[in-house]
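Please look over the sequence and the model below, and then follow the paragraphs through some of the helix pairs and enclosed spaces.

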Number of protein chains: 2
Amino acid sequence: MQSLSVALGQRSYPIHIGAGILGRADLYAPYLTGSVAIVTNNVVAPLYLERTRKALAAARICEVVIEDGEQAKSWSTLDRIFDAFLEARLGRDALVIALGGGVVGDLAGFAAATYQRGLSFIQAPTTLLAQVDSSVGGKTAINHARGKNMIGAFHQPRAVIADIATLDTLPDRELRAGLAEVIKHGVALDAAFLDWLERNLDRLLARERDALAYAVRRSCELKAAIVAADERETGVRAVLNFGHTFGHAIETATGFGPWLHGEAVAAGMVMAAGLSARAGLLAPADAARLEALIRRAGLPIRAPRLAPELWRSLIAVDKKNAAGRVRFVLLHGLGRAKLESSVDARLVDETIAAAAQ
Amino acid sequence: MQSLSVALGQRSYPIHIGAGILGRADLYAPYLTGSVAIVTNNVVAPLYLERTRKALAAARICEVVIEDGEQAKSWSTLDRIFDAFLEARLGRDALVIALGGGVVGDLAGFAAATYQRGLSFIQAPTTLLAQVDSSVGGKTAINHARGKNMIGAFHQPRAVIADIATLDTLPDRELRAGLAEVIKHGVALDAAFLDWLERNLDRLLARERDALAYAVRRSCELKAAIVAADERETGVRAVLNFGHTFGHAIETATGFGPWLHGEAVAAGMVMAAGLSARAGLLAPADAARLEALIRRAGLPIRAPRLAPELWRSLIAVDKKNAAGRVRFVLLHGLGRAKLESSVDARLVDETIAAAAQ
């Protein structure tokens with residue numbers, strides 16, 4: 001097992017990465033102060049709920065099993081979680097454990113953020129996407145019909161327990177979706193890591209554990225440093241959103257579900273790299289290099305066909321926007337993403353026009 | 001105008017108290033960084049919306065008018081606010097102004113806490129209850145069918161603008177409901193202020209401005225000191241909940257609305273004082289003195305008739321509970337409230353039995 005730390009003063013927390021650590025009682029013990037609620041979904045529950053439950057010495061455990069899939073990131077599912085918490089009479093001293101992928105983490109985290117104005121929670125991510133990205137950094141949210149992750153809170157977990165062994169049961173499509181966020185960390189922040197990914201992609205797709213463990217660890221290191229510098233995304237943290245402006249638009253336009261988040265981000269990264277190249281910030285050869293890697297990972301490199309007006313209206317509600325201006329994260333070379341406030345609308349239109357071709 | 005400060009480090013903020021200050025542009029100007037959303041209700045809007053709007057130099061103002069009353073503190077109203085924010089394409093740089101009483105403040109504050117994971121907001125309270133209590137301290141929430149304020153967040157405003165002149169239009173019943181929280185501050189924290197209230201109650205009921213201004217200021221001073229010491233209610237802040245365990249149960253049992261919050265707190269304080277006396281902590285004469293003051297203020301001193309099982313189940317989900325134990329705020333003499341973890345269940349039952357008689 002390896003452990004990193006997200007340095008946030010009093011709210012600092014460890015990220016534990018290793019195979020088979022989900023059942024380690026000592027990783028939960030420091031945070032058990034009262035009842036426990038495990039929030040998971042109907043796919044993960046048969047695989048890992050029992051193992052997690054056994055690691056908890058808590059007298060009272062409330063289990064909440066939600067539906068699998070992005071559609072669950074809704075108010076109605078959140079309200080079902082609140083019902084279960086109230087039924088179990090969870091108090092403020094309860095600990096919430098999010099056992100599952102990004103949807104479970106975002107939902108359970110937001111439930112923990114808002115139930116009785118805030119409970120402690122632990123992220124126990126069981127998908128690659130959640131292990132490399134969504135379980136770290138304290139972003140929690142539900143979707144709104146008009147926009148992805150529109151309603152949410154910054155609420156840091158007390159710990160992240162990333163059990164690499166859970167990736168054994170991950171469907172191929174979800175493994176690939178997780179790789180999109182791994183690639184994002186390389187392309188946005190660390191060209192050397194991007195090189196490593198190009199050399200080791202086949203090992204990752206073959207689920208070699210040491211390769212997966214390194215990809216998770218390096219992703220968490222990169223993300224933890226950014227989060228420590230800018231917890232609430234008033235500045236540099238926005239670069240972690242590379243590919244997400246277009247990606248969120250795809251997810252919202254298609255109704256949350258047909259496209260996995262990582263798939264939408266993959267197509268979104270190709271668009272964002274294209275926009276960077278159009279703006280003269282990125283060499284076209286580097287944009288092509290990113291596209292080739294995404295393609296090799298078995299991820300979509302083209303967006304679905306959406307009306308330009310729909311693209312524009314979805315982009316207009318992006319959370320990075322400020323002062324009435326649309327903002328994009330663009331690449332100034334591989335590994336160097338920056339938030340840009342003044343992007344020529346014509347270049348955005350060209351990028352949209354090219355997206356589905 | 002008088003100004004106090006709530007001392008919370010970087011998140012410190014001023015409370016401005018004065019007659020006619022709602023329209024002072026200089027009080028809003030420091031916080032205008034983008035669009036503005038004014039959230040108010042259908043009773044307050046005709047009276048004060050225009051005046052507030054004129055004080056804002058913001059280019060774009062989004063107005064959201066909700067229904068009056070505690071029933072509006074629901075997810076469905078919150079979602080209407082989110083719809084309006086998205087329709088207006090509010091970004092993270094927007095400022096939310098809560099113009100109204102406690103319901104508007106709690107709802108608009110929670111919307112500000114969770115829309116795009118958090119916007120700045122200003123409390124512009126127009127009821128006595130909101131000016132002396134709910135607008136200060138950053139508690140925001142909506143109700144759940146199973147419990148008052150069950151879903152919410154700690155989200156401090158950037159400023160509180162308490163315009164005493166708005167109390168001129170407050171219905172008598174709401175003025176009295178606000179006095180319940182004023183009395184709470186005296187009885188829980190400051191016996192000298194309780195003495196002052198006994199001497200000046202008639203002046204308050206006659207809406208003499210200097211008396212109201214003093215009651216608001218002293219309440220805010222007392223509350224600000226407690227909030228500064230314990231922002232997230234891990235300890236001493238719980239004493240501000242005096243009367244609220246029973247009061248919230250009354251509100252939840254009656255379906256949020258028939259009893260104003262302050263009325264429920266009034267009857268709840270009589271019960272909590274009775275429980276304190278039964279526990280041997282408070283002289284019966286002091287409990288009687290509190291009851292007499294509440295009666296003089298035209299507030300209820302008896303709870304509605306509820307089944308003992310209902311009382312117990314509602315008390316069991318109170319947010320102050322911990323480690324499976326019901327906790328009560330009790331009086332160790334007037335002005336000296338403390339959170340108690342081990343209250344004899346028999347005394348609670350006696351208090352419930354006596355409550356509606």
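When two helices pack, angles under 35 degrees count as roughly parallel, those over 145 as roughly antiparallel, those from 65 to 115 as roughly perpendicular, and the rest as oblique. With this in mind, and remembering that the model is a predicted one, we can begin in chain A, where helix H9(A) and helix H10 (residues 261–278) pack at an angle of about 135 degrees, with their axes 7 Å apart. That angle falls in none of the named ranges, and H9(A) and H10(A) are therefore oblique to each other. The crossing in which H9(A) passes H10(A) is right-handed.

The residues that bring these two helices together can be picked out on either side. From H9(A) come A:His244, A:Phe246, A:Gly247, A:His248, A:Ile250 and A:Glu251, and they meet A:His261, A:Ala264, A:Val265, A:Ala267, A:Gly268, A:Met271, A:Ala272 and A:Leu275 of H10(A). Sorted by class, the residues of this contact are 8 nonpolar, 5 polar and 1 charged.

Helix H9(A) also leads to the enclosed spaces of the structure. A search of the whole structure finds 4 cavities of 30 Å³ or more, and the largest of them holds about 90 Å³ of space. Its lining is made up of 13 residues, among which A:Lys148, A:Met150, A:His248, A:Leu314 and A:Asp318 lie nearest the centre of the cavity. Strand E8 (147–154), helix H9 (244–253) and helix H12 (308–316) of chain A are the elements that give two or more residues to this lining, and H9(A) gives the most, with 4 residues. A:His248 thus appears in two settings, as part of the contact between H9(A) and H10(A) and as one of the residues nearest the centre of the largest cavity. By class, the lining of that cavity divides into 5 nonpolar, 4 polar and 4 charged residues.

The second largest cavity, with about 40 Å³ of space, takes us to chain B. It is lined by B:Gly100, B:Gly101, B:Gly102, B:Gly105, B:Asp106, B:Gln123, B:Pro125, B:Ala130, B:Ser134 and B:Ser135. Two or more of the lining residues are given by each of helix H4 (102–114), strand E6 (120–125) and helix H5 (128–134) of chain B, with H4(B) supplying the largest share, 3 residues. This lining has 2 nonpolar, 7 polar and 1 charged residues.

Staying in chain B, we come to another helix pair, in which H6 (residues 172–189) and H7 (residues 191–205) pack at an angle of about 160 degrees, with their axes 7 Å apart. Because this angle is over 145 degrees, H6(B) is roughly antiparallel to H7(B). H6(B) passes H7(B) in a left-handed crossing. Among the residues of H6(B) in the contact are B:Leu175, B:Leu179, B:Val182 and B:Ile183, while those of H7(B) include B:Phe193, B:Leu194, B:Leu197 and B:Leu201. The contact as a whole has 13 nonpolar, 2 polar and 1 charged residues.

The last pair to consider is formed by helix H12 (residues 308–316) and helix H13 (residues 345–355) of chain B, which pack at an angle of about 125 degrees, with their axes 10 Å apart. That makes H12(B) oblique to H13(B), and the crossing of the two helices is right-handed. Here B:Pro308, B:Trp311, B:Arg312 and B:Ile315 of H12(B) make the contact with B:Val348, B:Asp349, B:Ile352 and B:Ala355 of H13(B). By class, these residues divide into 6 nonpolar, no polar and 2 charged.

Definitions and conventions
Residues are numbered from 1 along each chain as its sequence is written. Chains are lettered from A and ligands numbered from 1 in the order in which they are written. This is a predicted model: local features need pLDDT of at least 70, side-chain atom pairs count only at pLDDT 80 or more; totals for chains, interfaces and linings use all residues. Side-chain values use heavy atoms; hydrogens and water are left out. Axes are lines fitted to C-alpha atoms, for helices over the stretch in contact, and angles run from 0 to 180 degrees between N-to-C directions. A crossing is left-handed if the near helix is turned anticlockwise from the far one by less than a right angle, and right-handed if clockwise. Contact means heavy atoms within 4.5 Å. Ala, Val, Leu, Ile, Met, Phe, Trp, Tyr, Cys and Pro count as nonpolar, Asp, Glu, Lys and Arg as charged, and the others, Gly among them, as polar. On a 1 Å grid over the protein atoms alone, a cavity is a set of points where a 1.4 Å probe fits but cannot get out, and a pocket is an open set with protein on both sides within 12 Å along at least five of seven lines; lining residues have an atom within 4 Å of a point. Grid points are joined across faces, edges and corners, and a volume is the space filled by probe spheres set on the points.
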